[in-house]
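Here is a guided walk through one chain. It starts with a single strand and its partners, moves to two residues, and ends with the whole fold.

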Amino acid sequence: MTDAVVIGAGPNGLVAANLLADAGWSVLVLEEQPEPGGAVRHDRGVDPAFVNDLFSSFYPLAAASPVLAELRLQDHGLRWSHAPSVLAHPLTDGSCAVLERSIDATAASLETFAPGDGAAWHRLHRVWDRLQPDLLNALFTPFPPLRAATRLAVRLRAAGGLRMARTLALPVRRMGEEEFAGQGGRLLLAGNALHADLAPESAGSGGFGWLMCMLGQTYGFPAPVGGSGALSQALIRRLEARGGRIRCGQRVESVVVRGGRAVGVRTAGGDTAAARRAVLADVSVPALYGDLVDPEHLPDQLLADLRRFQWDFATFKVDWALDGPVPWRAGQASRAGTVHLADGMDELTRFAAQIAMRQVPDRPFLLFGQMTTADPSRSPDGTESAWAYTHVPQDIAGDAGGDGITGIWDTDEQNRMADRVEDQVERFAPGFRALVRGRRVLAPPTLQSLDGNLYNGAINGGTTALHQQLVFRPVPGTGRPETPVTGLFLASAGAHPGGGVHGAPGANAARAALRRNRPPGLARAQRILAHRDRTGKKR
């Protein structure tokens with residue numbers, strides 16, 4: 001019998017397992033797929049000479065995460081690489097907004113769109129400088145983050161108080177209009193907001209777009225050298241060095257509950273893995289409460305709330321092996337690891353509106369990745385390993401593009417949608433198609449088959465909208481990793497603070513499990529010592 005069983009070997013499950021192993025616990029991680037890593041994996045499936053990331057690729061949240069920093073993954077082989085520019089948003093007229101790691105360089109790019117926009121960017125960055133430490137602590141710690149939130153409130157007051165809070169709560173379209181005269185700054189904010197399922201008119205999308213921009217400005221959008229799976233492999237090596245075990249090809253079918261307490265799990269193969277202290281679930285919220293835990297162990301209110309759970313947008317992705325660099329009309333885009341493709345704010349709004357109407361967008365907003373530009377080890381000299389993804393509705397009612405895409409996602413529909421994605425790239429990079437050596441299509445059901453947490457291609461564990469964040473995540477009144485079943489902890493992106501590769505949900509779950517298993521006397525002594533440290537009193 002092990003101390004803890006972790007369901008799922010994605011980044012959150014691996015972070016949780018590492019922290020438990022650091023505390024001296026014996027840990028067993030069970031993974032459904034034939035290899036660990038979750039949505040942080042790569043392969044050579046497009047062309048043997050090219051490395052392509054299967055899911056995620058760039059990791060600003062990982063670079064900023066105090067959780068991952070404490071694990072010192074660089075000691076276990078992880079190395080980061082950066083493209084010359086962080087992000088570009090070209091337009092079809094050849095203009096281009098560029099996010100650089102130099103604040104002055106970003107400001108200079110935006111100044112070309114309208115006089116004064118460079119100074120506006122500096123103003124927004126000064127707010128970030130004031131808020132950054134406590135904002136990140138509040139983001140990555142369990143809800144409610146009382147100490148960090150208190151310090152953040154003080155810093156927010158110094159940064160403009162209620163007026164600044166109002167700005168960050170704005171829809172990103174309105175925030176951009178208030179802060180910038182030209183398109184450049186507005187598009188950087190709005191494109192980054194759409195990394196989540198936040199339309200330009202969504203409340204709070206301004207703050208999220210600003211956060212992602214400032215993370216890129218400060219940390220870049222780094223990529224692991226050799227492929228995204230290098231991040232997972234570093235977590236695995238660290239865990240195994242501490243005695244943790246990972247078993248793949250093991251689909252957990254149920255959590256075993258006795259006397260109201262989680263005591264282990266049962267796999268689809270009929271095996272039982274007992275857990276002496278805790279079970280941590282790096283699985284989606286509907287999977288945990290709808291499949292793995294018998295309803296008799298759950299409150300009626302939780303089951304009722306679960307029926308209102310909202311997934312984020314579905315995702316459609318295309319990977320390419322290219323015989324040369326992408327021929328961007330706007331040359332500045334050739335230096336960026338990430339490129340946003342939409343011809344202005346109205347096209348972003350149109351895209352989001354079509355999804356809201358359950359239509360497949362006719363001109364999909366693309367996040368385009370130039371991986372060899374970011375990490376030259378990904379493909380031979382003179383070539384490019386690339387990808388693009390876009391969003392489509394979870395439940396498709398029609399096709400705004402007129403191609404009859406219905407959401408059955410057979411081979412024909414996959415190819416029609418992939419062609420539409422390439423048409424969008426061609427608008428900004430004429431001649432792109434002539435460079436395609438190989439192409440792979442990952443439709444929503446394909447993504448889910450490769451990682452069960454990506455329900456129909458949803459990549460954030462549930463919507464990022466305000467009604468399912470903080471105390472509302474995953475359902476109202478929660479916000480923490482504890483569940484109604486004693487000894488069972490939610491360790492996935494379905495828990496606060498949500499999606500992205502930063503390890504916080506896994507770390508929060510592990511720390512909750514450790515707290516629950518501390519002897520009462522020790523816990524009290526640690527609280528007293530911590531109070532003395534904060535107040536400066538002698539021990």
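**From one strand to the whole chain**

In this predicted model, Gly-369 has Trp-387 of strand β17 as its bridge partner. That pairing belongs to a larger pattern. Strand β16, residues 366–370, runs antiparallel to β17, with 4 bridges between them. Strand β13, residues 314–322, is also antiparallel to β17 and is joined to it by 9 bridges. One residue to look for there is Val-318, whose bridge partner in β17 is Ala-388.

Now look at β17 itself. The strand covers residues 384–392, and 9 of its 9 residues are buried. Its side chains point two ways. Glu-384, Ala-386, Ala-388, Thr-390 and Val-392 point to one side. Ser-385, Trp-387, Tyr-389 and His-391 point to the other. Both sets are buried.

Next, step to the loop between α13 (300–306) and β13, where Asp-312 is found. Is Asp-312 buried or exposed, and which side chain of opposite charge is nearest? Asp-312 is buried, and the nearest such side chain is Arg-473, 6.1 Å away. A salt bridge needs a side-chain nitrogen of Lys or Arg within 4 Å of a carboxyl oxygen of Asp or Glu. Asp-312 has no salt bridge. What it does have is a polar atom of its side chain 2.9 Å from the backbone nitrogen of Asn-460. Beyond its neighbours within four places in sequence, Asp-312 is in contact with Ala-458, Ile-459, Asn-460, Gly-461, Gly-462 and Thr-463, and also with Asp-197 and Gln-394.

Ser-109 sits elsewhere, in helix α4 (residues 103–111). Why does Ser-109 count as buried? Its relative accessibility is 12%, and buried means under 20%. Outside its neighbours within four places in sequence, Ser-109 is in contact with Cys-96, Ala-97 and Val-98. Its C-alpha atom is also 7.8 Å from that of Gly-184, a residue 75 positions away along the chain.

Finally, zoom out. The chain has 19 helices and 20 strands. Of its 539 residues, 58% count as buried. Contacts at a separation of 6 or more come 72% from residues 24 or more positions apart. The C-alpha trace spans about 65 × 55 × 45 Å along its principal axes. The radius of gyration is 23 Å, which agrees with a compact globule, because a globule with 539 residues would have a value near 24 Å.

Key:
Residues numbered from 1 in each chain as written. Predicted model: local features only at pLDDT ≥ 70, side-chain atom pairs only at ≥ 80, totals over all residues. Heavy atoms only, no water. Buried < 20%, exposed > 50% of the residue type's maximum accessible area, 1.4 Å probe, protein only. Helix = DSSP H or I, 4+ residues; strand = E, 2+ residues; numbered from the N terminus. Pairing = 2+ DSSP bridges. Lys, Arg positive; Asp, Glu negative; His and termini not counted. Polar contact = N/O pair within 3.5 Å; in protein donor to acceptor, adjacent residues only side chain to side chain. Contact = heavy atoms within 4.5 Å. Rg over C-alpha atoms; globule rule 2.2 N^0.38 Å.
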